[in-house]
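Welcome, and please open your viewer. This short tour tells you what to select at each stop and what you will find there.

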Amino acid sequence: GVLVALTVALLPLLPVLQDWAVLLTVWAGCAGVAVIVGAIALQRRPAEVLPPIRLRAVWRLGRWAGVDSVLGTAAYLLPLFISSLVLGNALAGVYRVLQSANGPLNILDTAIATSFGLSAYTLTSAADIEALRRRVGRLALLMAGIAAGYMLLAQAAIVLISGIESPDLIRVAVIVVVAGMLGALTTPYSAGALALGKQRTGALIRAVVVTVSLAISFGAAFGLPLPWNDPIGTVALFAPLAAGIGWWFSFRSAARRAIAAPVVEEKTE
């Protein structure tokens, strides 16, 4: 919340802060302030709210999420590197600049996953799972709407601020907007599946996405026909679509299994 408030407060200064290095430094300063405020807020909470944390327990709970995060970064960056370095695709820079708009959506993604995770211990009956399914369905529609409005405004702002030009700019911007919407639509399903203990599934989905994304990128180097002859755009649309389908199936199967069980006995795999 602090980070978003500071970012919005600095928007009037964008016409003055034209240099990307300065913009990055200012945003990093806002992030630093947000971290400090969060740390102070945690320290002021009663001691009994914060149980002792052991590294071994954290590793057991988060190892699959860590693999998921690493593979997610690979799925995002490797196609850009391959397309720019191997194929010499001039659109790599355009995609990289426009995809910077995903930052706030990623923060919202983390917040939703954390919220679902903190309430996962309450999922102890079929009624709780049904309530979770309704919550996920409503939130998915809300996230898609928020992402659509935000991404359209963000793309317009980035184009105006950066002055970036390309004959394919509109098509690239549309692809980035659609990819952002697909990712936002997936967020509630992935958060719900994780709350039901499907951490390992996330790493599996990411592995499949990375493998196919690399196959598309390298295939383009060998003349594989792709839409618009654009491997970056193909991967940008395929990755969130495949992840969305995977998380949707994962959440549905996990919810059905949890409803069939009298009590959700295990929250992690």
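Start with the whole protein chain: of its 269 residues, 35% count as buried, where buried means under 20% relative accessible area, exposed means over 50% and partly exposed lies in between, with a 1.4 Å probe and protein chains only. This is a predicted model, in which local features need pLDDT of at least 70 and side-chain atom pairs count only at pLDDT 80 or more, while totals for chains, interfaces and linings use all residues. Residues are numbered from 1 along each chain as its sequence is written, and side-chain values use heavy atoms, with hydrogens and water left out.

**The overall layout**

Now colour by secondary structure. The protein chain has nine helices and zero strands; helices (H or I, at least four residues) and strands (E, at least two) are DSSP runs, numbered from the N terminus. Contact here means heavy atoms within 4.5 Å. Among contacts between residues at least 6 apart in sequence, 83% join residues at least 24 apart.

**Helices α8 and α9**

Select residues 199–221 for helix α8 and residues 231–260 for helix α9. How do their axes cross? They come within 10 Å and cross at roughly 160°; axes are lines fitted to C-alpha atoms, for helices over the stretch in contact, and angles run from 0 to 180 degrees between N-to-C directions. That makes α8 roughly antiparallel to α9, a term for angles over 145 degrees (under 35 is roughly parallel, 65 to 115 roughly perpendicular and the rest oblique).

To see where the two helices meet, show side chains in α8, including Ile205, Val209, Val212 and Ile216, and in α9, including Val235, Phe238, Ala242 and Trp247. By class, the contact of α8 with α9 has twelve nonpolar, seven polar and no charged residues. Here Ala, Val, Leu, Ile, Met, Phe, Trp, Tyr, Cys and Pro count as nonpolar, Asp, Glu, Lys and Arg as charged, and the others, Gly among them, as polar.

Next, pick Ser213 in helix α8. Ser213 is buried, with a relative accessible area of 1%. Leaving aside neighbours within four places in sequence, Ser213 is in contact with Pro79, Val235 and Phe238.

Move across to Ala236 in helix α9. At 12% relative accessibility, Ala236 counts as buried. Not counting residues up to four places away in sequence, Ala236 touches Gln99, Ile175 and Ala179. Add Ala75 to the selection: Ala236 and Ala75 are 161 residues apart in sequence, yet 9.2 Å apart in space, C-alpha to C-alpha.

**Aromatic pairs**

How many aromatic pairs does the structure hold? There are two; rings of Phe, Tyr and Trp (its six-membered ring) pair if their centres lie within 6.5 Å, and planes under 30 degrees apart count as stacked, over 60 as edge-to-face and the rest as tilted.

Select Tyr189 and Phe251, an edge-to-face pair at 6.1 Å centre to centre with 70° between the planes. Tyr189 lies in helix α7 (residues 169–195) and Phe251 in helix α9, so the pair ties together parts that are 62 residues apart in sequence. Both Tyr189 and Phe251 are buried.

Then select Trp248 and Phe249, an edge-to-face pair at 4.8 Å centre to centre, with 70° between the planes. Trp248 is partly exposed, at 32% relative accessible area, and Phe249 is exposed, at 51%.

**Last stop: Ala34**

Finish at Ala34 in helix α2 (residues 20–43). Its C-alpha atom is separated by 5.4 Å from that of Val2, 32 residues apart along the chain. Leaving aside neighbours within four places in sequence, Ala34 is in contact with Val2 and Leu3.
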